[in-house]
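Trainee: Please walk me through this next one slowly, and explain the jargon as we go.

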Amino acid sequence: TLTNMTQATSTAAGKIGQGLSFDGTDDYVTSPINLSGTDKVSASFWLLWSAYAGDDDLALEFTAQATAGAQTGGFFVDPNDSAAALVVYLKGDVGANYAAYTRPTANVWHYYTAIYDKSQSVNEVELYIDGVYQTPTGRVTNNNTNNFANDNLYFMSRGGTTLFGNGKLDDVRVYNRALTTTEISQLYVAGQNKYGITVNTPQNPLQSGLVGWWTMDGKDTPWTSSTAATTLDKS
């Protein structure tokens, strides 16, 4: 569901076809997603972050928590952390269960892939940008007890109430497994070349474990009025 977004201002040229534009004030998208019992999750998306500022704003949040504090599950991708870093959080905020990274250039499309793997004794969260593994600039002790739930996934907001992202988002994918380096590279190259990905055959490894796929293309984002729309999960 698209909230506080209009057909006139919120649709924009994406990285692959149409994307969605967020004003950083109150725009967000939310979708239910059931990852109960999952101990491995990959989230990939194209993101153009308009500009960095001294505030915490989220690109992606698993679980419907609208305030700071310990999470019951899920993770955040925070391109605009107040500590002047790109941060991936596990079950909480600054000071517990996070990995910090150097931020890429603002106002340019980049491909993010965040992977959570509970089975890892170290480096439970890994991040790739534009198909390349990112070495953390800082990391707090991993939690190793994270559990996802049957809850909501938020794009460009924390719980639909705060930390609204300012930029453009396209082709969000969620897998209930850890993508391989080769698969991450395939997805990045495909988007870089503006190709679509064929995922309608069982033999295609990029279909395996795909539990959420929001292309945000015009045909997949129907508007019932100029201020009411949904973007379809094509997985």
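Trainee: How many salt bridges does the structure hold?
Mentor: Keep in mind that this is a predicted model, where local features need pLDDT of at least 70, side-chain atom pairs count only at pLDDT 80 or more, and totals for chains, interfaces and linings use all residues. Residues are numbered from 1 along each chain as its sequence is written, and side-chain values use heavy atoms, with hydrogens and water left out. Side chains of opposite charge can pair when their charged atoms come close. With a salt bridge taken as a side-chain nitrogen of Lys or Arg within 4 Å of a carboxyl oxygen of Asp or Glu, the count here is four.

Trainee: Take Arg173 and Asp171: what is the relative accessible area of Arg173?
Mentor: These two side chains meet in a salt bridge, at 3.2 Å from N to O. We call a residue buried under 20% relative accessible area, exposed over 50%, and partly exposed in between (1.4 Å probe, protein chains only). Asp171 counts as buried at 7%. Arg173 is buried too, with a value of 0%.

Trainee: Which residue forms a salt bridge with Arg177?
Mentor: Look for a partner whose closest N and O atoms are 3.0 Å apart from those of Arg177. Arg177 is buried, and its partner is buried as well. That partner is Glu183.

Trainee: Asp220 and Lys234 also pair up, so how many residues apart in sequence are the parts they tie together?
Mentor: Their closest N and O atoms are 3.5 Å apart. Asp220 sits in the loop between β16 (210-214) and β17 (223-225), while Lys234 is in the segment after β18 (228-229). Those strands are DSSP runs of E, at least two residues each, numbered from the N terminus (helices are runs of H or I, at least four). The pair therefore links parts whose separation in sequence is 14 residues.

Trainee: Is Lys234 buried or partly exposed, and what joins it to others?
Mentor: Asp220 counts as buried, at 2% relative accessibility. Lys234, at 41%, is partly exposed. Salt bridges that share partners make one network out of Lys219, Asp220 and Lys234.

Trainee: Moving to the inside, which strand gives the most to the largest nonpolar core?
Mentor: A nonpolar core is a set of buried Ala, Val, Leu, Ile, Met, Phe, Trp, Tyr and Cys residues joined through side-chain atoms within 4.5 Å. The largest one has 38 residues, and Phe45, Leu60, Phe62, Phe75, Phe155 and Leu169 have the most contacts inside it. The strand giving the most, with five residues at 40-49, is β5.

Trainee: How many residues does the other core have?
Mentor: Apart from the largest core lies another one. Among its members are Ile16, Trp109, Leu187 and Leu206. Its size is 15 residues.

Trainee: How many bridges join β5 to β10?
Mentor: Two strands pair if DSSP finds at least two bridges between them. β5 and β10 run antiparallel, and Lys40 stands opposite Asp117 in β10. The number of bridges joining them is nine.

Trainee: How many residues of β10 are buried?
Mentor: Check both faces of β10 (residues 109-117). On one side Trp109, Tyr111, Thr113, Ile115 and Asp117 are buried, and on the other His110, Tyr112, Ala114 and Tyr116 are buried too. Of its nine residues, the buried ones number nine.

Trainee: And which residue in β11 does Ala114 stand opposite?
Mentor: β10 and β11 (residues 125-129) run antiparallel, joined by five bridges. Opposite Ala114 stands Leu127.

Trainee: Last one: which backbone oxygen does the side chain of Thr30 reach?
Mentor: Thr30 lies in strand β4 (residues 28-34) and is buried, at 16% relative accessible area. Leaving aside neighbours within four places in sequence, Thr30 is in contact (heavy atoms within 4.5 Å) with Thr1, Asn152, Leu153 and Tyr154. At a distance of 3.4 Å, its side chain reaches the backbone oxygen of Leu153.

Definitions and conventions: A polar contact is a pair of N or O atoms within 3.5 Å; within protein, one must be able to donate a hydrogen and the other to accept it, and residues adjacent in sequence count only if both atoms are side-chain atoms.
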